[in-house]
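User: Could you take a close look at the charged side chains in this model and walk me through how they pair up? I'd also be glad of a word on the surroundings, cysteines included.

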Amino acid sequence: MRLLATLERWLPQETLGDIDTRRRSLMALGYAATIAALCLPLAALLAVVAAPHERFIGVFNTLLTALLALIAWPLVRRRGPTWAGNWLAALLFAGATFGVVRGGGVLAPFVSIYTIVVVLAVAIAGRASGAFWAAASSAVLIALYALVPGSAMRSALDRVEAPALLAVWIGVVSVLTLAAVVTFSETTKRRALLQSDEASAALAARAAELAEKSAALELVSSIASAANAAVDSDEMIHTCLAPLCRATGFDVALALLNESPALHYIRSDGDAGLDSAEIGDVLAALDASPWIQAVQRSPSLVWIDLDEDRDPSWDTARAAGIRRILGIPVAVEGRATAGAVLMSSQPVARARVEAIVSAGQVALGAQIARVQARERATAAAAAAVRAAQEASRAKSEFLAAMSHEIRTPMNGVIGMASLLLDSPLRPEQREYAEVIRTSGQALLGVLGDILDFSKIESGKLEIERGEVDLRATVEEVLDLFASAAADKHIALAYEIEPGCPEFCTSDPTRLRQILANLISNAVKFTSQGDIRVRVSRVGEAIRFAVRDSGIGIPEDRRARLFQAFSQVDASTTRRFGGTGLGLAICRRLVELLGGEIGVESEVGRGSEFHFTIAYVPGVERAEPQATWLAGKVAVVADRSPAVREAVAQQLRPWGMTSRCFEALDEALAAARQRPADLLLVDAALIADPHALEAAGEPPFVVMASLHRLGEAKRLTTAAGLVSKPIKRSQLFEALQQVFQGVPQRPRAAAELPDDRPLGEVLPARILLVEDSPINQKVAIRLLDRLGYRADIACDGAEAVSVVERIAYDVVLMDIQMPVLDGLDATREIRRRALAWPQPWIVAMTAEAISGDEARCRAAGMDDYVTKPVQLATLAAALRRGLLARREGKERGEGAPAAPDDSLTAFTGEIASELGEDFVQELLREFLGKLTGYRASVLDACSRHDAPALARIAHTMVGEAGSVGAAALASACAELQVTARTGKACEPATEGVLNALDALEPRLRAILPPHRQTPAAST
């Protein structure tokens, strides 16, 4: 072995990794050394026994053979064992052939070297080389013994002095050489096998080490995953039990939490043969075991071998088949925190398990520390959320209280100013009273902005989805600013671009608020020119753009826009006031409606504010086509390019063509040169009415702002009158009057056929419950204007006492009052068994931020109005209540209400005050919404969406009450309360659907045929 170790030092480094190459290389080196070693004594023998004339050649050849054999060593290093093996085989082959030829019969034993040649070639150079040398040896021998005569072979005997001795020596050398070949072959083979076994053992050990590390890594990864998914440390360590069992091969795992056993895990993929009931007994026994209580505090792993440990406390575990128990303490930051106990029914490799568990133990400590830190962060975040919610609630309560405290005196200021303006005043006094009322309303607007912003910031602002008529919405908002724009001689106009739907689903109230804010700013910052609103569809959004010709916004100041309490001009000498909240509120509202808002501006050229809302399709209505307008020509005269373009855009879908001019003279000249069917003229351009009237043809329609309506009405020869901003419905009616002779409906309220106050039409006894003396005076004065005399109660408790003694028809109930607030007072009244019918209770509240109408109705109130209370609003609320009470008296106690009584009464009563046309238009609009309401209710009910039902019912309550549909309003109020309280909504939903089914035919029976505004012709 030492010789082989010595020979290995000669081998190249790259051959050491290949066992077969190393084995053959060692054989080549050993054979070369053996041949060289045997040749030396053979040379000495030849020097003694060989004939004198053969002695030199024999010795020389032998020594040369020894030298040539050693050439195999460098061949092994440079060319490998194959070359070296073939070299040695060739050397022996040549020597054997030379000896046989030279020695004749005396050297016949030397033929055995051919066998050595073949064995050596196979062992070192391979089977192919062995076959080659076997064939070569056979060929040489056959040739010699076939071709060489026997006399020649016998004559060779004279060359050796001692032939017998030489033959013996050659035979010995051959045997020794063959023995050396076999010995080296077997030795190298055994060494190769030994090295292979050693390599296999090393590989197995390495594989076991890798498997151990892989199991440890998998366990660490599982622990990290459990920590990421766990809510708390208890859940995390329980989740880690299964990976612990899989990694270590144990059958049962138990989590230690707070030094007591908790949740456990039993492998289902093992073949342990453990009984679950017996395992349960083991776990129960561990509960009281002092050993398990000490595991968490142990500084190291705790092993229990039940084959050797005969402690009787483990008898239950032995009976269950448990043989090994391992306790794993887990410490976090040096403090015992948790642990685990593993149990196995089979022996386990302790060293392997300890290596894996040690890694898992460290990972458990680190991950539990992370989970506990996350728990602390979560707890801190939850505490912060609770604090924020508490702060938000306190802020909301504060804002509600401030709203009440501010609106209460403002109610008195505005109410008294309004009453003062209705009384005989000198011009100077009227101006002062108007300033008081306007300032009060402005202050209420500022307060409303602050409250809206507060609701948005606290997340209390809810978006209510409903059908939006885009054209009607824009026209209504423009109407709000018609007077202010006329004062500044600013033109207002709008366009709805082709391809834009006229109906969608969104929040109509918030959409009006956004438009109103942007148009208000445009009017404020524009001193001349025009303001136009453009509506279009962009992909899956509706885009609104408000363009003005005002002062513009410098680029370096645009960053202040859309920020709370920020203005472009923040100096104390700024020309324009405001809180700086309007655009910030608009931005939040636009985001809630699913869109974005932006601005483009150029100083001195004006600004364009644009925003989008998400487009949710609404119910498009089919309208008749105005075929009788196709091909007609209209000449439009107006100073404002925006108005001219808007009028032309509204005429175009009906098939009309337009020619627009800035001056009236140009328009008249164009009408004379090229015939026209209609002349649309701005009232401001009519300097000489007689000259226009003398023109005769074509007929003309006057477009007049609010300040010029009186002048326009005096133009008796005008074919029609349209107020600005131009509305499509009014424009169409004017065209009907011109071309079809259909008279226009009056725009203003008609003269009332009955001037009697409401108190004479619907007499009633009213109780006013109000704690503020100022509000009492305002309410009493408003009721006096309506023809009522009211009693007063200063708090809720007094109201309950008075209602028990006197039969009141209506109770006007404030909400925030001392002693007993309005909600509790209403509940108390509803609980009392009165000797007369219960009164109609109307909530009167200044809680703009927290005044939830549903809370009032849930408390038992019948209606809801907000302060400051306007005369028309109060009159409508009283009318609804008194009509409802009249219906109850007519149908008797407990009898079902006739579905059309309140509707008929409303139509007759309110028409006498507001005009029959107005009432019919209101009812017709409400009728058009019934289908959408029914679909919304059914959809929300099918999805069991109680919040959506509450929102829909909330919208329907107000609208149904406003048109006198008392049965529907009552059903919707019940649905709203039911949905808000979380009760089953199906019965209340059925009531609403029944009320809708009963109401629709009644509305159709009441309404006369309607002349609808046509849609665009195609």
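Analyst: Happy to; here is a walk through the salt bridges, followed by an unpaired acid and a few nonpolar and cysteine details. Please keep in mind that this is a predicted model.

Let's begin with the overall count: the structure holds 22 salt bridges. A good one to start with joins Arg 543 and Glu 608, whose closest N and O atoms are 3.6 Å apart. This pair links distant parts of the chain, since Arg 543 belongs to strand β10 (residues 541–548) and Glu 608 to strand β12 (residues 606–614), 65 residues apart. The two partners differ in their cover: Arg 543 is partly exposed, at 24% relative accessible area, whereas Glu 608 is buried at 14%.

Next comes the bridge between Asp 638 and Lys 724, with an N to O distance of 2.6 Å. Here the partners sit in loops: Asp 638 lies between β13 (633–637) and α21 (641–651), and Lys 724 lies between β17 (720–723) and α25 (728–740), so the bridge ties together parts that are 86 residues apart in sequence. Asp 638 counts as buried, with a relative accessibility of 1%. Lys 724 is buried too, at 14%.

A further bridge pairs Arg 832 with Glu 828, and their closest N and O atoms are 2.8 Å apart. Salt bridges with shared partners connect Glu 804, Glu 828, Arg 831 and Arg 832 into one network. Within this group, Arg 832 is partly exposed, with a relative accessible area of 27%.

Now for an acid that goes without such a partner. Glu 475 sits in helix α17 (residues 470–480). This residue is buried yet has no salt bridge, and the nearest side chain of opposite charge is that of Arg 471, 4.9 Å away. Why does that pair not count? A salt bridge needs a side-chain nitrogen of Lys or Arg within 4 Å of a carboxyl oxygen of Asp or Glu, and Arg 471 is 4.9 Å away from Glu 475. Leaving aside residues up to four places away in sequence, Glu 475 touches Tyr 494, Lys 727 and Arg 728.

Turning to the nonpolar side, helix α20 (residues 582–592) has several buried residues, among them Leu 583, Ile 585, Leu 589 and Val 590. Cys 586 is also buried in this helix, as are Gly 582 and Ala 584. Just after α20, Gly 594 takes a positive phi of about 85°.

There is nonpolar surface to look at as well: Phe 56, Phe 60, Leu 64 and Leu 67 make a patch of about 430 Å². Phe 60 is placed in helix α3 (residues 52–69), and with a relative accessible area of 43% it is partly exposed. As background, an α-helix has 3.6 residues a turn, so residues three or four places apart point the same way.

Finally, the cysteines you asked about. The structure holds zero disulfides. Cys 504 is one of the unpaired residues: the nearest cysteine sulfur, that of Cys 500, is 8.2 Å away. Because a disulfide requires two cysteine sulfur atoms within 2.5 Å, that distance of 8.2 Å between Cys 504 and Cys 500 rules the pair out. Cys 504 counts as buried, at 0% relative accessibility, while Cys 794 is partly exposed, at 38%.

Technical notes
Residues are numbered from 1 along each chain as its sequence is written. This is a predicted model: local features need pLDDT of at least 70, side-chain atom pairs count only at pLDDT 80 or more; totals for chains, interfaces and linings use all residues. Side-chain values use heavy atoms; hydrogens and water are left out. Buried means under 20% relative accessible area, exposed over 50%, partly exposed in between (1.4 Å probe, protein chains only). Patches are made of residues with over 30% relative accessible area and no salt bridge: like charges are joined within 9 Å, nonpolar side chains (Val, Leu, Ile, Met, Phe, Trp, Tyr) within 5 Å. Accessible areas come from the Shrake-Rupley method with a 1.4 Å probe; for residues, only the protein chains shown count as cover. Helices (H or I, at least four residues) and strands (E, at least two) are DSSP runs, numbered from the N terminus. Lys and Arg count as positive and Asp and Glu as negative; His and the chain ends are not counted. Contact means heavy atoms within 4.5 Å.
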